[in-house]
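Here are a few notes to read alongside the model, written as one colleague to another. Please have the viewer open as you go through the points.

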Amino acid sequence: MSLESVRAFFAGKAPEIDIIELHTSTATVALAAEAHGVEPGRIAKTLAFRVGEDAVLVVARGDARIDNRKFKEAFGTKARMLDAETVEALTSHPVGGVCPFGLATPLPVYCDRSLQAFDEVVPAAGAVHSAVRIAPDYMAELVEAKWVDVCQEPA
């Protein structure tokens with residue numbers, strides 16, 4: 001269902017975006033970067049956090065790490081990642097294929113400003129072997145994301 005929900009999302013909101021399906025796993029930033037021939041920073045990873053009673057998604061560049069101080073400033077609480085089962089239940093996407101598109105549950109989406117270093121990023125598309133190529137600003141627009149600054153500067 002997950003890849004299909006992403007297909008439906010793009011069919012309705014951005015039919016010009018093609019979903020790339022590979023025969024190899026892209027479930028980690030390193031695997032995805034190698035498979036798509038891009039630097040790890042261009043892989044847009046989607047992380048799920050608990051904020052109070054709610055869950056939120058944060059999309060950040062692949063080589064970025066969450067800065068706990070910045071996260072607390074932005075969200076008013078410590079960064080607490082959700083477990084894999086909860087993430088899949090809320091998004092319909094398996095870990096390694098989590099993305100902000102075609103979600104099973106409407107969730108607030110935040111894009112970290114680290115993505116703005118690139119004209120195009122490669123987020124997953126609902127499966128561990130699928131992705132899209134998209135401009136960060138367009139991605140944020142499509143998923144109605146707010147921009148935040150919650151990551152450390154990449155080394």
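1. A word on Val98 to begin with, bearing in mind that this is a predicted model. Val98 counts as buried because its relative accessibility is 8%, under the 20% limit for that label. The residue sits in the loop between H4 and E5.

2. What does Val98 touch once its neighbours within four places in sequence are left aside? The contacts are Thr46, Val87, Thr91, His93 and Ala124. For a distance to check in your viewer, try Glu39: it is 59 residues from Val98 along the chain, and the two C-alpha atoms are separated by 19 Å.

3. Thr46, one of those contacts of Val98, belongs to strand E2, which covers residues 43–51. Thr46 has 11% relative accessibility, so it too counts as buried. Not counting residues up to four places away in sequence, Thr46 touches Leu57, Val58, Val59, Val98, Cys99 and Pro100.

4. Both residues come up again in the largest pocket, where Thr46 and Val98 are listed with Ala27, Lys45 and Gly96 as lying nearest the centre. The volume of this pocket is about 390 Å³, and 26 residues line it. By class, the lining has 17 nonpolar, seven polar and two charged residues.

5. Which element gives the largest share of that lining? It is E2, with six residues. At least two lining residues each come from helix H2 (29–36), E2, helix H4 (84–91), strand E6 (122–123) and strand E7 (130–131).

6. Now to the packing. In soluble globular proteins, nonpolar side chains tend to be buried together. Here the largest nonpolar core has 32 residues, and Phe10, Phe101, Val132 and Met139 touch the most other members. Two or more core residues come from each of helix H1 (2–13), E2, strand E3 (54–61), strand E5 (109–112) and helix H5 (136–142). H1 provides the largest share, four residues.

7. Val132 is a good place to zoom in. Leaving aside neighbours within four places in sequence, its contacts include Phe10, Ile17, Ile19, Ile20, Phe101, Val121 and Val122, as well as Asp18. A second, separate core has 15 residues, among them Val56, Ala64, Phe75 and Val150.

8. Lastly, the annotation. An unreviewed UniProt entry places the feature "domain: YbaK/aminoacyl-tRNA synthetase-associated" at residues 23–140. Over that range the chain is 25% helix and 23% strand, with the end C-alpha atoms 28 Å apart.

Methods
Residues are numbered from 1 along each chain as its sequence is written. This is a predicted model: local features need pLDDT of at least 70, side-chain atom pairs count only at pLDDT 80 or more; totals for chains, interfaces and linings use all residues. Side-chain values use heavy atoms; hydrogens and water are left out. Buried means under 20% relative accessible area, exposed over 50%, partly exposed in between (1.4 Å probe, protein chains only). Contact means heavy atoms within 4.5 Å. A nonpolar core is a set of buried Ala, Val, Leu, Ile, Met, Phe, Trp, Tyr and Cys residues joined through side-chain atoms within 4.5 Å. UniProt positions are given in the numbering used here, feature names are shortened, and annotations may be inferred rather than shown by experiment. On a 1 Å grid over the protein atoms alone, a cavity is a set of points where a 1.4 Å probe fits but cannot get out, and a pocket is an open set with protein on both sides within 12 Å along at least five of seven lines; lining residues have an atom within 4 Å of a point. Grid points are joined across faces, edges and corners, and a volume is the space filled by probe spheres set on the points. Ala, Val, Leu, Ile, Met, Phe, Trp, Tyr, Cys and Pro count as nonpolar, Asp, Glu, Lys and Arg as charged, and the others, Gly among them, as polar.
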